[in-house]
Amino acid sequence: MSPRKVCLLAGGVGGAKMAEGLAAHDDVALSVIGNVADDESFHGLWVSPDIDTLTYSLAGRIDRSQGWGVADEGHRALETLNLLGAETWMSLGDRDFGLHIHRTMRRAKGDRPSDIARDVARAFGVTSDILLPTDDVVQTRLRTTDGRWLSFQEYFVRERCAPEIRDIAFSGLDMARPTPEALAAIASAELIVVAPSNPLVSIAPILGIPGINEALRAAAAPKIAVSPFIDGKVVKGPADRMMAALGLRADALGVARRYRGLADRLVIDHADAGLKAGIAAEGPAPHCSDILMKSQADKARLAREILDLAFAPAEAMA
Ligand code: GDP
Ligand code: CA
């Protein structure tokens, strides 16, 4: 049988784990639509952290101890920048810098960001398709309770998620056009998976690109989301505080409400079995599993369970 076409919507670390799990299976042809809203310019270079996390993860080059950045990395370039008085709070490694230089040079030549991402992934030996939802610039902006607007990296890295968030906006979103590659991947998918990524700053800026949400709703494929919350807590990152700040429940039920109308099913952790009835009543149909992905084996097993839910439901429910 030819491989099943699976389209994954993914942010950075949580998204890359799910991507690795799906890519581990020979019967899957994977397209990953990543998030560009964390992109930002540093030292004159265009950095695309979530797309690079996907690329490095699927290439087996990721620093597994932190889940982002390149393994066996050095920081000599950053040392020089620091000596020269540049702001160096964004930790960019030497190997990583090479990619940012290349990306920036090609963007300056007028190459499509999607083409650059595709070529970079191929050069690193990635066999899955890494797609951008848009070639336009869309950037997350977070308004703090003290009235400042921060970029995602200023909030996440420079200020270590300390400020309370009042509002989230995406500059450029309304005018952004979806890429034909992303629309085609959605339309032709046999299964659409929403990774356990941050719903508000990783998945929302993909869904918000005009045309993407409509394409998802029109797609015939089953849609299965995975919760980034386990037992009412995030595995990592600020999704819990962001959800609470916007008046949303910071748990799997909050995720279910958020993905109502988008996902048919939500995979939640066994620890959240108590939320099943609530989720079933007002969100996608819940399915309990072990959704913490620590090892490569965990990722592949969760991916297989999701594939079975879509393609071999009798086995998955047994
Ligand atoms: P970022 O762009 O690096 O912040 O990554 P994502 O948006 O893709 O993912 C962040 C979310 O991933 C957080 O809300 C975490 O709770 C979630 N996450 C990380 N690891 C796991 C895991 O092993 N299982 C599940 N279910 N969620 C995870
Ligand atoms: Ca991110």
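Visitor: Before we start on this structure, what does "buried" mean here?

Guide: Buried means under 20% relative accessible area, and exposed means over 50%. Keep in mind that this is a predicted model. Now try helix 2: ten of its ten residues are buried, so the rest of the structure largely encloses it.

Visitor: Which residues of helix 2 are buried?

Guide: Pro49, Asp50, Ile51, Asp52, Thr53, Leu54, Thr55, Tyr56, Ser57 and Leu58. After the helix comes Gly60, with a positive phi near 70°.

Visitor: I'd like to zoom in on one of them. Where is Ser57, and what does Ser57 touch?

Guide: Ser57 sits in helix 2. Its relative accessibility is 4%, so Ser57 counts as buried. If you skip residues up to four places away in sequence, Ser57 touches Ala16, Glu20, Ile62 and Arg64.

Visitor: How do I think about which way side chains point along a helix?

Guide: An α-helix has 3.6 residues a turn, so residues three or four places apart point the same way.

Visitor: On to the metal. Which protein atoms are donors of the calcium ion?

Guide: For a metal site, begin with the donor atoms and then ask where their residues sit. The calcium ion is ligand 2, and its protein donors are an OD atom of Asp38 and two OD entries from Asp50, lying 2.2 to 2.5 Å from the ion. Asp38 lies in the loop between strand 2 (28–33) and strand 3 (40–42), while Asp50 belongs to helix 2 (residues 49–58), so the pair ties together parts that are twelve residues apart in sequence.

Visitor: Are those two aspartates, Asp38 and Asp50, buried or exposed?

Guide: Asp38 and Asp50 are both buried. Water is not among the atoms, so a site like this may look incomplete.

Visitor: Now ligand 1. How many residues surround ligand 1, and which are the closest?

Guide: With a bound molecule, look at the shell, then the polar contacts, then how much gets covered. Here 20 residues surround ligand 1, and the closest are Ser197, Ser202, Pro228, Ile291 and Met293. The shell divides into nine nonpolar, eight polar and three charged residues. Helix 1 (residues 13–23) gives the most to that shell, with four residues.

Visitor: And where does the protein backbone come in around ligand 1?

Guide: Take the oxygen side to begin with. A backbone N or O atom of Gly12 lies 2.9 Å from an oxygen atom of ligand 1. A polar backbone atom of Val13 is also 2.9 Å from an oxygen atom of ligand 1. For nitrogen, look at Ser227: one of its backbone N or O atoms lies 2.9 Å from a nitrogen atom of the ligand. As for cover, ligand 1 taken alone exposes 590 Å², and the protein buries 93% of that.

Visitor: Ser202 is among the residues closest to ligand 1. How many residues of helix 8 are buried?

Guide: Nine of the nine residues in helix 8 (residues 199–207) are buried, which leaves the helix mostly covered. Ser202 is one of them, and the others include Pro199, Leu200 and Val201. Check the helix ends as well. Asn198 caps the N-terminal end of helix 8, with a side-chain oxygen 2.9 Å from the backbone nitrogen of Leu200.

Visitor: What about loops? Is Pro238 buried or exposed?

Guide: In a loop, read the accessibility and then the contacts. Pro238 lies between strand 12 (233–234) and helix 10 (239–245), and is buried with a relative accessible area of 6%. Leaving aside neighbours within four places in sequence, Pro238 is in contact with Tyr155, Phe156, Cys161 and Asn198. That last residue is the cap of helix 8.

Visitor: Give me another loop, then. Is Asp146 buried or exposed?

Guide: Asp146, in the loop between strand 6 (139–144) and strand 7 (149–151), counts as exposed at 54% relative accessibility. Its side chain has polar contacts with those of Thr144, at 2.3 Å, and Arg148, at 3.4 Å. Asp146 and Glu164 are 18 residues apart in sequence, and their C-alpha atoms are 8.3 Å apart in space.

Visitor: One last case: what does Ala221 touch?

Guide: Ala221 is in the loop between helix 9 (212–218) and strand 10 (223–226) and is buried, at 6% relative accessible area. Not counting residues up to four places away in sequence, Ala221 touches Ala189, Glu190, Leu191, Ile192 and Asp264.

Notes
Residues numbered from 1 in each chain as written. Chains lettered and ligands numbered in written order. Predicted model: local features only at pLDDT ≥ 70, side-chain atom pairs only at ≥ 80, totals over all residues. Heavy atoms only, no water. Donors = N, O, S within 2.8 Å, 3.2 Å for Na, K, Ca; no water. Helix = DSSP H or I, 4+ residues; strand = E, 2+ residues; numbered from the N terminus. Buried < 20%, exposed > 50% of the residue type's maximum accessible area, 1.4 Å probe, protein only. Contact = heavy atoms within 4.5 Å. Near = heavy atom within 4 Å. Polar contact = N/O pair within 3.5 Å; in protein donor to acceptor, adjacent residues only side chain to side chain. Areas by Shrake-Rupley, 256 points an atom, 1.4 Å probe, with all protein chains shown as cover. Nonpolar A, V, L, I, M, F, W, Y, C, P; charged D, E, K, R; others polar.
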